[in-house]
Every structure is written in C-alpha cells, then in structure tokens.
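These are my notebook entries on a protein and the DNA beside it. I went through the contacts first, then a few helices and single residues.

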Amino acid sequence: MAEACREAGADLPEPKRFEGFAVEGHAIIAPPNAIRSKALRGLRTKRTAMLTGWAMQPGAKYRYRVDEVFPMSDHADHTGLLECLQRVRPKHVLTVHGYMHEFAAELRSRRIDAWCAMGGDQLELSIAGSQRAVVSSHHGRQIRPICAFADFSDVCRLVGETSSRLAKIDFLANYLKDRESDNDLRLAAGWLTGEALPKSGGRRSLHVGSAALRRALLSIPGAREERYRELSLSQNDSARTARLFLQELTIKPEPLHLDGLARFFTELAGSNGSLDRIERLAMRLKTLHPTEAETLVKLLTGDLRIGLKEGLVEDAITAAFKADPAAVRHAHMLTGDIGETAVFARYKTLDEAELRPFVPIKCMLASPTAAASEIWDWHADNGLPLLWVEPKYDGIRLQLHKLGDRVAVFSRDLQPLDDAFPDLLAAAAAIPHDCVLDGELIAYASDRTLGFAELQQRLGRNLDQSDLFLTDSNQPLSVPLRFVAFDLLWHDGQGLLELSLEERRVRLDALELSGAFEAISVEKISLPEELDAAFKQSLADGHEGLIAKDAGSAYHPGRRGRSWLKLKGVMPTLDCIVVAAEQGHGKRSDVLSDYTFAVRDEVSGDLRIIGKAYSGLTDDEIEDLTEHFRKSTISKDKRRHVVEPDIVLEIAFDSIRASERHDSGLAMRFPRIKAIRRDKSLADIDTLQYAKSLVK
DNA sequence: ACTGGCTGCCC
DNA sequence: ATTCTGC
DNA sequence: GCAGAATGGGCAGCCAGT
C-alpha cells in the first residue's frame, strides 16, 4: 500500500518489512486483525490507530479499542463506483450493501445487468428484460441458478462475514422485508435461527449428522473417498467440506425455492432408516450448487454458525417491519415460532398473539457466580431489598402445563417430555387448578434423593417403564419422582410473568401442591451470614448449591439475567498432563483446541487418561498451545495429535465418577481448564489414587 | 440375536 | 452444563 | 449485560451390519 501511495505522488519514506521488533520513530502498518497477534501484543510501548471509513462515526476509537482513529475508506464513492464499472465493464453486478436496490436499479437504467445480491428486485425481471438467468460461480464448473434458496444462502454469507450486530440486522431486515409470500417469510425467518423444521411442527429433528452426510456425499457419482478424507480432515467442518467436495464434482445444479426446501426437510424427517435418509440427501445435494449445499448442510446440522440466533432474528423482524421490539419479543415468546412472529409483524398484528395452552415458553436462567459475597454485593450495590434463596437441585428442569385433565411437560430446551414421564403426567392431572409450573424434576426414593444419573435413564425412554422405580403398580408415583415447583407462570387463565416473584410465590403457595408435587423451600435472607449458612446447608443436604433470586423481579423468559444468580459447590482441582491434542471445529478448525489429559497411576507408574477439555482458555492461549503442540507432536492419527507430555493443566470439574470412557476408569462432569501450569512439569501432576478419593 | 456407530438431548 | 468473545 | 460459538460426560433409541 505504501508503494501505491508513493507511486501516486505521496511523499512517504521507504517502507521496510516488519521483522518482529519495533524501531522507535516508526509506524507499523498492519491489517486490523493483526493488532491482537502475538508479534504486536509483545510490543511494550506503543500507540495504536485505526484507518477506516467508520472513523467518521462518533465513538469509533472506543469501538476499535485504539488510541486514535483516522477516517480513510477503501470504498469508492458514487462517482468512483461508476468510473470503476466503466473501466471493468462487468457482465453482471451484484450490490450487497447500502442503497443496494436503488443503486442496482440505477445501473440497470444505464444498461448494466445489476441486481441486489439479496434478491428483492425480481419483480423487475420482465420490465428490464434482463438476462439474469445465470451467474457463473468462482470455479466456472457449475452454473449457479438464481433462485430463492440462493438468495437465502447469500444473506447467510453476508451475515456470517460481519461481526457487527447492526450490520447483520440491516442485511436481514432488508431480506425479510422483501420476501413476497408469507410462506417464504415464515420459512426464511425460521431457517435463519438455524432450525430446519418449524418449532411448532411436532417432529423436531432430522437425524442427520456427520456420518450420514459423509455417506451421502460419497454416493454421488465421481466422488472419491480419499479426497473427502483430505477435505474433511483439513476443514473439520461438515458444511465447508460439503461445498469444497461438491465443487470438484460434475453436477448439475437446479433452482430450489423455499417451499421446495421445506418439502425436502419434511420428507427427510419422515423418512425411515438411515439408508433412506442418505439416499434422499444425496439426491438433493447433487442438484444443488456447492454454495447452496453448504447452507443446506448448516441447516441440516442444526446450526448456521453465522453469528445469528433467535435474538438477532427478532431484532431483524423488528427492523424489517418497523415494529416495537418488545412486541416482537412478546409475540415470539407466546407463539414459540419465529416464522409466525414475522408474519404477525408484517401485518402489524403482533398483539393478536395469544398465550396458547401447551405452547411452552422459554425458561428464565440464572447467571453463575463465584462466591456468596458476589451475590450479596450485587444485591447491596443495586439496592435490592428482597434476596430469596432456594436449593439448587441436580435434576431436570421441567415446565408443566395443566389444563383440565390434560397435562404436558417440556424440557429446558422446550422439548416435549411427556413420553418419558407418563406417571408424572397422570399424577399431575389431580392438581386442582389449571396452571403452568416451572420447576425441577428429581428422582426420589425412601426419603433420599437419587442422583441425576438415575433420572437420566428415563429421558428418551418411550417404551415400557415398568422396570424403573415403580415399586407399586397401583400407585405408580408413590416413590420414583418428585416435582419441585419454584415458579407459577400462568394460573386459571391468567399470565403471571409480569408479576414479581414475591407475588407469584403467593399464588404458588395458594395452589397447595401435594403428593409428588411440592413448592420449593425458600429462605429470605437479610444478612450475609445467613447467605453463607444457607449455602453450606444446601451442600450438606446433598444439593448442587443454591439459587439466589431478587424477589422483586418479573419472570424474564429466555434471559440469563442477574435477577437469578446461582452458586455451586466447588471441588478441588486436578493437575493433569496433556497427552493428546485435537483440531477444533468451525472457526477453531485451524487450531489444536481440544486437549486430552491424564493423571499418574502410582501403582504402575503409567499415565491414565481422565478427561478432555477445551473450555477455559482464551483464544490467545489456544494459539500459543497450538504452536507448542505442533512442535511436540509425537504421532498423528486423523485429527488427533499424540504429544510429548510436557504441558500441565489445572482442571476444574463439578464431580468425578467411575466410567468406562477413559482408561483411568474415571470421568469428570463439566471439566474445564482453570489454568496452564507452566510452573509445573510431568513430575508434579496429581495421581489416579487422589482422583479416586474425590469420587463421592 | 447381538453389537457398535450414530444421533439427540439432558446436565 | 462451562467459558470466552465481540457488540 | 447479552447473545453467540465451541466445547465435555452420559444416557436411550435406532438400525445396519455381522
């Protein structure tokens, strides 16, 4: 760039390459993402500046976290764009940002084949008599058909390429606003949240994972397994792998519209057997342009991974139809369906969304805290007078809906769990009021609480349950389950979300739950000592810890706010040695981000694997370790590098138990990396015997 | 009839 | 579940 | 403060392959 400036006549000194050390009086020019690179982070004394068109906006230097910003744009202005087009004379132009439709229309009036990349101007096709039938792909081997799914795919790409939430919302709002039919709007909005099937549609999953995808791709004529392995290994991302793999095959992409894709998903969900699914998948993949195939695979695996989830889609709907953000959130909460919400917003009928029986609402979640003092300080600092404390059970979060003699239960992620707990449903029919309860389901026998493991055996069960827990078939619920309600969200026709917890609790108590149902015990705290004591007592009672709630707060569905705080008991940490490292997935596919670690068996002297973890390290630390492990790799098998045992990690976990998973015979619950212990070596790690002593 | 890989979903 | 990251 | 991405252990069900 410096050379270009000098050629253009700017009086710049001779540039030198940056060799990793700074010379006083010099400026280092680097791309924006280099500012956090190891080389630049290492410079002790420096001032940083950002050159960007966004510098015109107030607050830009805080946004970029630099000492100063200077406005300098690499975008051309209107005249510059026209001049560029005159010189390049492109066959086709796609506009992607700013006044996309207007500029494209202006270009068409100048006889240039220009269209907004996000669609929305197809209406003019006949008017302009355009030849926008085809646009060639980068590789030229496949022709990319223009179709509604290609438009969708392009929006996903644009959204994925920016990390700016506002830009994402802008792209999405433009796209959603221009969907012509309500059905397309409904489908597109739903898929943007990463769900292939609509939430309200009953069947929720497609049973397609990496294996089914691999087999589908390999069944396409011309597919070479060796090439697939290569790509899969280097990408470690099934969607990218699919795109790159298909790019090299001779396939004939056909246009696909949104309803066609919806039909495909429905058929896939209804297919029987994995072979059938693989065949249907292969049929679809070989009639898609690789770009669209990548998007399809992302949808199939249930995650677009473009920095977009329900929250942002709500914001985009708000922007697209100039709606009230709170109204959109509220309607979405009640319908449980983002597509329906979008259609409501388009017709300005958001207020028509009603609380429907047996439509679950998202759970309110608690934020983690590190110590009782953090909870106390938060409440004191915010002047919150009512601190309530409840035990934190190790069970399954359950939302129970009862209306007349019909009962349904939903999991934390709103999955219907009726089939797993028929005895609970039967017993709930006797609750004398219509209600929606939020609570925890625990396994309970002879006055002692069983562990989560026992409870989990009933999850996913859909057949005979008689072998489980049921000791007396005449009274099926006499022993096994207990539902501990901690909130009442709806009562005899009235929604209670906006009431304070204190008011909701009064009504919960008025239900007078009995039998297998009980209201959770609450302790009202007014001194820090009481909080400490409650925490100790909760652990002594065998619970996970406690939940502290602001009794004045409303129920905020789906939010992990600070109205509810959780505090869990801590286990001692284990110092473990890393014996293997693996490539990550998605945006971590070029680093070794996943570590297998071991402890020492005192008896044999061998290292025994006890777990794996990634969570807990910063990106910078992962980068440093990646560098280290690439050098210390002893052998490599697929994604797994066996490495020299020379990095000690301090591992935290919630509990430890016997397991067949690793050769130590132990496994951890929620393992995470507390610290890299550079001060320790192989000789200092903890022993298998010590780890066993922590099993409870 | 059994097994192991795969998938989804609890924590 | 957990943790870190960018807005 | 929030939403998003990427990650762990463990269970049941399903089904293709043996």
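**Entry 1: DNA strand B**

I began with the surface near DNA strand B and noted that helix 10 gives the largest share of it, four residues. I count a residue as near a molecule or strand if one of its heavy atoms lies within 4 Å of it, and my helices (H or I, at least four residues) and strands (E, at least two) are DSSP runs, numbered from the N terminus.

Before going further I wrote down that this is a predicted model, in which local features need pLDDT of at least 70 and side-chain atom pairs count only at pLDDT 80 or more, while totals for chains, interfaces and linings use all residues. Residues are numbered from 1 along each chain as its sequence is written, chains are lettered from A and ligands numbered from 1 in the order in which they are written, and side-chain values use heavy atoms, with hydrogens and water left out.

Which residues come nearest to DNA strand B? Of the 22 residues around this strand, they are Gly209, Arg397, Ser411, Gln415 and Gln456. I then looked at the DNA side and found that, of the atoms of DNA strand B within 4 Å of the protein, 92% belong to sugar or phosphate and the rest to bases.

For polar contacts I take a pair of N or O atoms within 3.5 Å; within protein, one must be able to donate a hydrogen and the other to accept it, and residues adjacent in sequence count only if both atoms are side-chain atoms. A backbone N or O atom of His207 lies 3.2 Å from a phosphate oxygen of DNA strand B, and a polar backbone atom of Ser210 is 3.3 Å from a phosphate oxygen of the strand. Ser411 uses its side chain, with an N or O atom 3.0 Å from a phosphate oxygen of DNA strand B. The elements that give two or more residues to this surface are helix 10 (210-218), strand 9 (396-403) and helix 21 (452-456).

By class, I list eight nonpolar, eight polar and six charged residues near DNA strand B; here Ala, Val, Leu, Ile, Met, Phe, Trp, Tyr, Cys and Pro count as nonpolar, Asp, Glu, Lys and Arg as charged, and the others, Gly among them, as polar.

**Entry 2: DNA strand C**

I repeated the search for DNA strand C, where Ser163, Arg412, Lys566, Ser615 and Asp619 come nearest of the 13 residues around it. Sugar or phosphate accounts for 97% of the atoms of DNA strand C within 4 Å of the protein, and bases for the rest.

I found a backbone N or O atom of Asp619 at 2.9 Å from a phosphate oxygen of DNA strand C, and a polar side-chain atom of Lys568 at 3.3 Å from a phosphate oxygen of that strand. Arg672 places a polar side-chain atom 3.4 Å from a sugar or linking oxygen of DNA strand C. The surface near this strand has two nonpolar, four polar and seven charged residues.

**Entry 3: helices 16 and 17**

How many of the 11 residues of helix 16 (residues 310-320) are buried? I count eight, so this helix is mostly covered, with buried meaning under 20% relative accessible area, exposed over 50% and partly exposed in between (1.4 Å probe, protein chains only). The buried residues include Leu312, Val313 and Ile317, and also Glu310 and Glu314. They pack against helix 8 (165-177), helix 9 (182-192), helix 17 (325-335) and helix 18 (338-346), where contact means heavy atoms within 4.5 Å. Lys322, whose phi is positive, near 50 degrees, follows helix 16.

In helix 17 the buried residues are Val328, Ala331, His332, Met333, Leu334 and Thr335, and they pack against helix 16 and helix 18. Gly336 follows helix 17 and has a positive phi, near 70 degrees.

**Entry 4: two single residues**

Is His491, in strand 13 (residues 481-491), buried or exposed? His491 is buried, with a relative accessible area of 16%. Its side chain makes a polar contact with the side chain of Asp492 (3.3 Å), and, not counting residues up to four places away in sequence, His491 touches His433, Asp434, Cys435, Leu496 and Leu511.

Asp259, in helix 13 (residues 258-270), is partly exposed, with a relative accessible area of 40%. Leaving aside neighbours within four places in sequence, I found Asp259 in contact with Asn183, Asp184 and Leu187.
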